[in-house]
Amino acid sequence: MKASVVACANLALIKYWGNMFEELNIPLNDSISVSLESLQSTTTLEFADDHRDTLELNGEEVRGEGMERFLFVLRHFRALSGVTTPVHVASENNFPTAAGIASSASGFGALAHALYAASGVEADLAKISALARLGSGSAARTPIAGYAHWHRGADHESSYATQVRPANDMRILVTITSTEEKPISSSRAMKRSKASSPFFVQRGNTANDRVPFLLKALKEWEFPTIGEITQREANNLHAVINTTDMGLYYWNRTTIEIVHRIKQLQDEGVKCYYTMDAGPQVKVLVMPSDVGAVKSVLAEITEIEEIIDSGVGFGSQLSDHHLF
Ligand code: DP6
């Protein structure tokens with residue numbers, strides 16, 4: 001009645017930002033992501049009668065919003081499976097938590113997978129993906145290896161991710177510009193955007209319109225098209241975020257500096273493309289032949305705390321490495 005799962009974070013190329021139906025995280029638009037091999041969560045889950053439901057993250061018991069989301073996933077799992085035994089869960093990330101690099105996506109993806117595995121209740125990837133979505137929308141994409149397409153769907157069963165293509169040799173340079181916890185979680189910020197940004201609905205429509213183009217470019221591997229759609233998407237997302245409330249900003253000075261340098265490199269003909277999520281880190285998509293050129297430019301920006309050079313990752317999978 002114990003299972004451990006290792007899962008990668010994922011980076012959205014077409015972003016999820018807001019729901020059609022709030023409670024179940026049924027999104028406004030489809031989204032597409034790439035799994036990040038170097039950013040991993042490991043989660044161990046055990047069913048045991050003498051436990052109360054507990055969740056530990058990096059050695060500390062989780063309370064507040066994180067615990068509520070965990071209990072929400074658990075309630076749904078219990079209703080779907082009939083398994084009501086209490087659970088103890090421990091999870092560890094090998095990267096900064098809640099600083100805008102999708103720690104909740106890998107964590108909830110691993111949790112959903114571990115719930116099914118430890119209980120022995122059969123589930124395919126679609127079921128794991130749908131359950132993960134209840135904890136954090138972007139977690140719907142976690143079970144998928146390589147490149148994932150989260151179909152927005154219309155209800156719990158139809159809103160889940162499938163694979164677009166398996167992993168290839170693209171690199172993702174994740175530049176860490178700050179490890180401070182972000183001021184407001186994505187899930188809360190997107191609700192505020194829905195209520196206050198005049199561009200919210202338009203962005204969702206634009207994202208949906210871009211999906212078939214990105215799917216085609218991924219399948220045929222047209223890297224510049226993939227990069228351009230990704231960069232435009234990031235710009236659209238941040239136009240909505242920046243026009244939320246009186247102005248919401250996840251960037252810091254280094255974020256902007258990196259964006260300028262990447263644009264300069266593009267002007268010089270280097271095929272590299274930036275994207276950012278709800279946090280100050282910049283992720284750069286680049287093919288192996290240009291990694292050196294991009295890294296040497298980034299090395300001049302002394303404020304960058306760390307650059308994680310990641311390959312394209314795997315889908316969530318069972319592991320023998322138990323945390324307890
Ligand atoms: C900007 O609600 O999935 O990363 O609040 O951290 O749980 P948490 O994330 P979630 O929002 C993710 C938003 C995004 C875009 C994306 O990953 O598609």
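Helices and strands are DSSP runs, numbered from the N terminus; a helix has at least four residues and a strand at least two. The model described here is predicted. On this numbering, helix 4 spans residues 186–196. Helix 4 supplies three residues to the shell around the ligand, the largest share.

The ligand is surrounded by 17 residues. The closest are Y16, S104, S136, S138 and R141. Oxygen atoms of the ligand take part in several polar pairs. At S138, a polar side-chain atom lies 2.6 Å from a ligand oxygen. At S186, the partner is a polar backbone atom, and the distance to a ligand oxygen is 3.3 Å. D277 places a polar side-chain atom 3.5 Å from an oxygen atom of the ligand. On its own, the ligand has 460 Å² of accessible area, and the protein covers 93% of it.

Strand 1 comprises residues 2–14. Of its 13 residues, 12 are buried, so strand 1 is largely enclosed by the rest of the structure. Buried here means under 20% relative accessible area. Strand 1 runs antiparallel to strand 4 (residues 31–47), and 12 bridges join the two. Within this pairing, K2 has E46 of strand 4 as its bridge partner. Strand 1 also pairs with strand 14 (residues 317–319). That pairing is antiparallel too, with three bridges. Here S4 stands opposite S319 of strand 14.

Helix 3 (residues 125–135) is likewise mostly covered, with eight of its 11 residues buried. The buried positions are I128, S129, A130, L131, A132, R133, L134 and G135.

Four further strands form an open sheet in the order 11-12-10-13, with antiparallel pairing. Strand 11 (272–275) and strand 13 (306–310) are the edge strands, each pairing on one side only. From one strand to the next, the twist averages 20 degrees. Strands 11 and 12 are joined by four bridges and run antiparallel; strand 12 covers residues 282–286. In this pair, C272 stands opposite V286 of strand 12. Helix 6 (residues 223–242) packs on the sheet and touches strand 11 and strand 12. The direction of helix 6 makes about 25 degrees with that of strand 11. Helix 7 (residues 253–267) lies across strand 10 (171–176), strand 11 and strand 12. Helix 7 runs at about 155 degrees to strand 11.

Methods:
Residues numbered from 1 in each chain as written. Predicted model: local features only at pLDDT ≥ 70, side-chain atom pairs only at ≥ 80, totals over all residues. Heavy atoms only, no water. Buried < 20%, exposed > 50% of the residue type's maximum accessible area, 1.4 Å probe, protein only. Pairing = 2+ DSSP bridges. Axes fitted to C-alpha atoms, helices over the stretch in contact; angles between N-to-C directions. Contact = heavy atoms within 4.5 Å. Near = heavy atom within 4 Å. Polar contact = N/O pair within 3.5 Å; in protein donor to acceptor, adjacent residues only side chain to side chain. Areas by Shrake-Rupley, 256 points an atom, 1.4 Å probe, with all protein chains shown as cover.
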